[in-house]
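I opened a fresh page for this chain and looked things up one at a time. Here are my notes, in the order I took them.

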Amino acid sequence: MARIELESVSKRYGDVHAVHDFSLAIDEGELVVLLGPSGCGKTTTLRMIAGFVPVTSGRIRLGGREVTNLPAHRRNTGLVFQGYALFPHLTAAENVAFGLEMRKLPDGVVREKVARALELVRLADLGDRLPRQLSGGQQQRVALARALVIEPDALLLDEPLSNLDAKLREEVRVEIRQLQRALGLTTLMVTHDQDEALAMADRLVVMSAGAIQQIGTQRELYEHPRNRFVAGFVGRTNFLRGQLIEPGVFRSDGGLTLRYDGRSAPSSAGAPGASPSGVRRALALRPERLALGVPADAARANRVAGTVEFASYLGSIIEYYVRLSSGETLRVHAPNTGAAGDRAWALGETVHVSWPVEVGLVLEDEHHPEEDHR
């Protein structure tokens, strides 16, 4: 396996920057996920690494070797496409063998490598079936085996699970992650599904409008998002817009005066708690860190009255939308423990939403155009 390095890589189509000044290093055996909405440049980035899209500027190296201007077939990368791209007239084994045959390997070597690849993805007994005779999950495994059989320096996955149903997605993502770890595959995966990214990645790269917003582990991005876009895309987040009136005190546009522990994202201007005149802010609150209760239940630093506007039973949690007295709305996730003391709140019922000061994070209230399409 090889280290993947991108140095100030950009891709322009006329005046449009599909990818802008993208720099990233992926270590040998690491699985990195490019996460972002449709049109953010993540698939273009992956295809530049594969050699299917030419680079406008910047450099790409695989295992220390400059490949920026090399054609795709000389890069030795294995690519799994979103739609699998299997040849419908070839059997599973023949699809897996295709790349080896293009390399003109001896028939005996091809058969041995194909058998081993199909066994890796648990399809050893299905090699003689055509794609139409396979389930979606099995077709996905054939595509994965075809990428692995050439013993690539890097594995590239372009939305590999998007065509599967929810239950099968969960099963296959575990299989891919286990296989990737067992083989020590240097892997770059593209997805817009945050749950998929959180479950699979060693590190995440959050993208918006062709640029990197933040790179880090799941915990780093979830607990310490650099800006509002990252906070909203990695996990679920409430945002109350407003301004800081003094360090540790936030006033929302609806007139709520709320306390927080002075934490601000690194991109915020000035020291933590500073509030330059005219700078718009947003207080970010994770739904699972808010609590619902009647006034006597909550002796917490922040407590706001509201009305239950919507409730959704999601199994492990119950999701409530609470319209606050200020007119603003908060989404609250209440754990569904099954305990006798669990309280289900009815639509129209008056409640109080409360939270401690340490769960709030103040971010600059910058706008990303892609938020309009989510």
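The entries below go from the whole chain to single helices, strands and residues.

**Entry 1: the whole chain**

I started by reminding myself that this is a predicted model. I then looked up the secondary structure and found eight helices and 20 strands in the chain. Along the principal axes, the C-alpha atoms fill a box of roughly 75 × 50 × 30 Å. I also checked burial: of the 374 residues, 50% count as buried. The exposed surface comes to about 17200 Å², and carbon and sulfur atoms supply 50% of that.

Next I looked at contacts between residues at least 6 apart in sequence, and 67% of these join residues at least 24 apart. For the charges, I compared the mean positions of the 44 positive and 46 negative ones, and they are 2 Å apart.

**Entry 2: helix 4**

I wanted to know how the length of helix 4 (residues 136-148) fits its residue count. At 1.5 Å a residue its 13 residues should span 18 Å, and the end C-alpha atoms are 18 Å apart, which agrees.

Is helix 4 enclosed or open? Eleven of its 13 residues are buried, so helix 4 is largely enclosed by the rest of the structure. I noted the buried ones, among them G137, Q138, Q140, R141 and R146. The list also includes V142, A143, L144, A145, A147 and L148.

What covers these buried residues? The cover includes strand 6 (77-80), helix 2 (92-102), helix 3 (107-120), strand 7 (154-158) and helix 5 (166-183).

**Entry 3: helix 2 and the loop after it**

Helix 2 was on that list of cover, and I followed it up from its own side. Its buried residues are A92, N95, V96, A97, G99 and L100, and they pack against helix 3 and helix 4. I kept a general reminder beside this: an α-helix has 3.6 residues a turn, so residues three or four places apart point the same way.

Just after helix 2 I stopped at K104, in the loop between helix 2 and helix 3. K104 has a positive phi of about 60° although it is not a glycine. I noted this because most residues other than glycine have a negative phi. Is K104 buried or exposed? With a relative accessible area of 73%, K104 is exposed, because the cut-off for that is over 50%.

**Entry 4: strand 9 and its partners**

Which strands pair with strand 9? Strand 10 (residues 211-216) pairs with strand 9 (residues 203-208) in the antiparallel sense, over five bridges. Strand 3 (residues 31-35) pairs with strand 9 in the parallel sense, over four bridges.

I wrote down some individual pairs. L204 has G216 of strand 10 as its bridge partner, and M207 stands opposite I212 in strand 10. On the other pairing, L35 has V206 of strand 9 as its bridge partner. Strand 9 is mostly covered, with five of its six residues buried.

The hairpin of strand 9 and strand 10 has two residues between the strands, and there A209 takes a positive phi near 50°.

**Entry 5: K42 and its surroundings**

Where does K42 sit? I found K42 in helix 1 (residues 42-50). Why does K42 count as buried? Its relative accessibility is 4%, and buried means under 20%, so K42 qualifies.

I then listed the contacts of K42, leaving aside its neighbours within four places in sequence: L34, L35, G36, P37, E159, V190, T191, H192 and M207. L35 and M207 were already in my notes on strand pairing, as the partner of V206 and as the residue opposite I212. I also checked K42 against A209: they are 167 residues apart along the chain, and their C-alpha atoms are separated by 9.6 Å.

**Entry 6: E159**

E159 was on the contact list of K42, and I looked it up last. E159 is found in the loop between strand 7 and helix 5. Like K104, which has a positive phi, E159 is not a glycine, and its phi is also positive, at about 45°. At 8% relative accessibility, E159 counts as buried, whereas K104 is exposed.

Technical notes. Residues numbered from 1 in each chain as written. Predicted model: local features only at pLDDT ≥ 70, side-chain atom pairs only at ≥ 80, totals over all residues. Heavy atoms only, no water. Expected span 1.5 Å × (residues − 1). Buried < 20%, exposed > 50% of the residue type's maximum accessible area, 1.4 Å probe, protein only. Contact = heavy atoms within 4.5 Å. Areas by Shrake-Rupley, 256 points an atom, 1.4 Å probe, with all protein chains shown as cover. Lys, Arg positive; Asp, Glu negative; His and termini not counted. Charge placed at Lys NZ, Arg CZ, Asp CG, Glu CD. Pairing = 2+ DSSP bridges.
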